[in-house]
Amino acid sequence: MSEPTENKDSTASAADHLASHMAGMAPAAETPATTEPAAALDPLAAAQAEVATLQAKVAELQDQYVRGQAEVQNARRRADDEVSKARKFALESFADSLLPVLDSLEAGLAVQTATPEQIREGAEATLRQLKSAMERNKIVAIDPAVGTKFDPAQHQAISMVPAEQEANTVVSVLQKGYLIAERVLRPALVTVAAPK
């Protein structure tokens, strides 16, 4: 019966060994309990750091937004100034090109003893000056030829008249129209051939 005793001894020594091993682990089990508050502080500190980083990013983005708005307002103000100057100087250029026409008219009216032929020649010269000034400023006449197809974008029909030509074509021009930089300033007043 010495074998069961040996078994009891070996079982007792195994139990002791297990107990001592468990006793050695008990302090290790307490360690996580003591480190839990430290672990809880680490996520809190990390979250606070992340909040601080995000607040700094928000402040930076707000600053960029304010600067962007200021740049947009400055660009709008500069564009308005440029448009205003362009209008002013465009008018100035056109007025400058009309001054010779004015001078010619005044000079023609200053001559008291002009003959009808001289008045006509002066008027024709002044008209040429005016047309030249208008062309320099991109003002072009709309003067459709007889038989030209009616174009509602550039012509205004005053009436439809019976004619030997094709329907919806220009019969006569009552008043020239004008384009300014390819945009209709005034449509030409025309009569149009009525359908047969």
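Is S97 buried or exposed? In this predicted model, S97 has a relative accessible area of 7% and is therefore buried, the cut-off being under 20%. The residue belongs to helix α1, which spans residues 2–110. Two polar contacts of its side chain were computed. One reaches the backbone oxygen of F94 at 2.7 Å; the other, at 2.9 Å, is made with the side chain of N137. When residues up to four places away in sequence are set aside, S97 touches A133, R136 and N137.

The protein chain as a whole contains two helices and six strands. Read from the N terminus, the order of elements is α-α-β-β-β-β-β-β. Of the 196 residues in the protein chain, 11% are buried. The exposed area of the chain is about 15300 Å², and carbon and sulfur atoms account for 60% of that area. As to contacts between residues at least 6 apart in sequence, 62% of them connect residues at least 24 apart.

The second helix, α2, covers residues 116–136 and includes G122. In contrast to the buried S97, G122 has a relative accessible area of 33% and is partly exposed, because this value lies between the 20% and 50% limits. A distance of 6.5 Å separates the C-alpha atom of G122 from that of G108, a residue 14 positions away along the chain.

The strands form sheets, described here in turn. An open sheet of three strands follows the order β1-β4-β5 and is paired in the antiparallel sense. Its edges are β1 (139–142) and β5 (183–186); each has a single partner strand, so one side of each lacks a neighbour in the sheet. Direction ignored, neighbouring strands of this sheet are turned by 35° against each other on average. Strand β4, residues 177–180, runs antiparallel to β1, and four bridges join the two. Within this pairing, A141 has Y178 of β4 as its bridge partner.

Another open sheet of three strands has the order β2-β6-β3, and its pairing is mixed. Strands β2 (155–161) and β3 (170–175) lie at the edges of this sheet, each pairing on one side only. From one strand to the next, the twist averages 30°. The pairing of β2 with β6 (residues 188–193) is parallel and extends over six bridges. Q156 is placed opposite L189 of β6.

Which residues make up the largest nonpolar core? This core has six residues in all, namely I142, V170, L179, A188, V190 and V192. Strand β6 gives the most to the core, contributing three residues. Among the core members, V170 was examined for its contacts. With neighbours within four places in sequence left aside, V170 is in contact with P144, A145, V146, G147, T148, H155, Q165, V190 and T191. One of these contacts, V190, is itself listed in the largest nonpolar core.

Methods:
Residues are numbered from 1 along each chain as its sequence is written. This is a predicted model: local features need pLDDT of at least 70, side-chain atom pairs count only at pLDDT 80 or more; totals for chains, interfaces and linings use all residues. Side-chain values use heavy atoms; hydrogens and water are left out. Two strands pair if DSSP finds at least two bridges between them. Axes are lines fitted to C-alpha atoms, for helices over the stretch in contact, and angles run from 0 to 180 degrees between N-to-C directions. Buried means under 20% relative accessible area, exposed over 50%, partly exposed in between (1.4 Å probe, protein chains only). A nonpolar core is a set of buried Ala, Val, Leu, Ile, Met, Phe, Trp, Tyr and Cys residues joined through side-chain atoms within 4.5 Å. Contact means heavy atoms within 4.5 Å. Accessible areas come from the Shrake-Rupley method with a 1.4 Å probe; for residues, only the protein chains shown count as cover. A polar contact is a pair of N or O atoms within 3.5 Å; within protein, one must be able to donate a hydrogen and the other to accept it, and residues adjacent in sequence count only if both atoms are side-chain atoms.
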